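Visitor: I am new to this structure and would like to be guided through its salt bridges. Could you show me the model before we begin?

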Amino acid sequence: MRDNLLIALYAFAGAAVTGLAGAGVLRLIRRRSLTVSLAVVAAVGVVAMLAGTLAVAWAMFLSPHDLTVVTTVVAMAAVVSLATALLLGRWVVARSRELAVAARSFGDGGDFAAPGGPATAELAAVSRELAATSARLAESRERERALEASRRELVAWISHDLRTPLAGLRAMSEALEDGVAADPNRYLKQMRTEVERLNDMVGDLFELSRIHAGALALTPTRISLYDLVGDALAGVDPLAREYGVRLVGGRIEPVPVEVDGKEMSRVLGNLLVNAIRRTPADGTVAIAAERSPEGVVLSVTDGCGGIPEEDLPRVFDTGWRGTHARTPPAGAGLGLAIVRGIVEAHQGRAGVRNIPGGCRFEVVLPAAAS
């Protein structure tokens, strides 16, 4: 029993020394190829066995003949182990290089295509993650292209919409200055109208910039939808009378919501003004507010005749306007973009769908805690 214990101790001591030396070598070559690391690991295993054997032999527990046999066996095992480690290392390195080349392709703007050959479980997992990342990058690039196109359209439309009233203001001011205005009061009234239009446009741009910058500060308070909708209807009633449009607010449930009253009034005002301007005279614009499984739904229904299906996904895009909306009194195409930004800041969502004779804009907000 004592001899067996000594043999175990000598063998462990010899193997431990080799293992520590191998760990030091691995630390020194940690930035080298995986093939070299695998070769070192294989060599450490074989040399550890040889070191333990030599330690036992030095303690005179093995005969010279037995030591020669063991040494020969270990040498052969070393050759096979090193060859296997080199082959495995070269195979893993080759798969890694293929993966790196594939990753470089989607990093340069292309799509990731996983290498076709077999790979280890870890490399396969990395390949799946790279494929998922490539898909997300492709979506991001598409959104970036859409946003860039939207920005270009917005700049073009804003430039056009600013140039028209500014040209009119300049012409009217020159006429007043030269004393050739037949009705100065009418000119002054028209100039005030154009200035208010420009002021509204600049206000919309400022609001949209705050939304995009994430600087829209909300002050939520508990408000009844009945009061919120009532104030919005009262604010747009003069415009509805001017356009000859009937306002209907029959289905308004007194549901409490936690919202910023000022910003949500702007949402309803934008939706109602947009609906009134798109509805023919003698038409009807209806607003409703009711509970739903998703929360609270505010809806504005108009009689615009519907929106082309291909345009529905773009209705809330910044600067977008339908073909029929490109002439005054349409704005710069910012109203619905502001609606979506404010609603999403309230953790809600805005949508639109066609109905017979018109379209229905819906705003879904979280219900207030009871």
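Visitor: Is R210 buried, partly exposed or exposed, and what is its relative accessible area?
Guide: In this predicted model, a residue counts as buried under 20% relative accessible area and as exposed over 50%, with partly exposed in between. R210 falls in the middle class because its relative accessible area lies between those cut-offs, so the answer is partly exposed, at 23%.

Visitor: Which residue forms a salt bridge with R210?
Guide: The closest N and O atoms of the pair are 2.7 Å apart, and the two residues both lie in helix α5, three residues apart, about one turn of the helix. The partner is buried, with a relative accessible area of 3%. The residue that forms this salt bridge with R210 is E207.

Visitor: Which residues are joined with E207 and R210 into one network?
Guide: Salt bridges that share partners join these residues into one network. Besides E207 and R210, the network holds E263 and R266.

Visitor: Which residue of helix α5 meets R197 in a salt bridge?
Guide: R197 is partly exposed, with a relative accessible area of 23%, whereas its partner is buried, at 15%. Both lie in helix α5 (residues 184-212), three residues apart, and their side chains meet at 3.8 Å, N to O. The partner of R197 is E194.

Visitor: How many salt bridges does the count come to?
Guide: A pair counts when a side-chain nitrogen of Lys or Arg is within 4 Å of a carboxyl oxygen of Asp or Glu. By this rule, the number of salt bridges comes to 11.

Notes: Residues numbered from 1 in each chain as written. Predicted model: local features only at pLDDT ≥ 70, side-chain atom pairs only at ≥ 80, totals over all residues. Heavy atoms only, no water. Helix = DSSP H or I, 4+ residues; strand = E, 2+ residues; numbered from the N terminus. Buried < 20%, exposed > 50% of the residue type's maximum accessible area, 1.4 Å probe, protein only.
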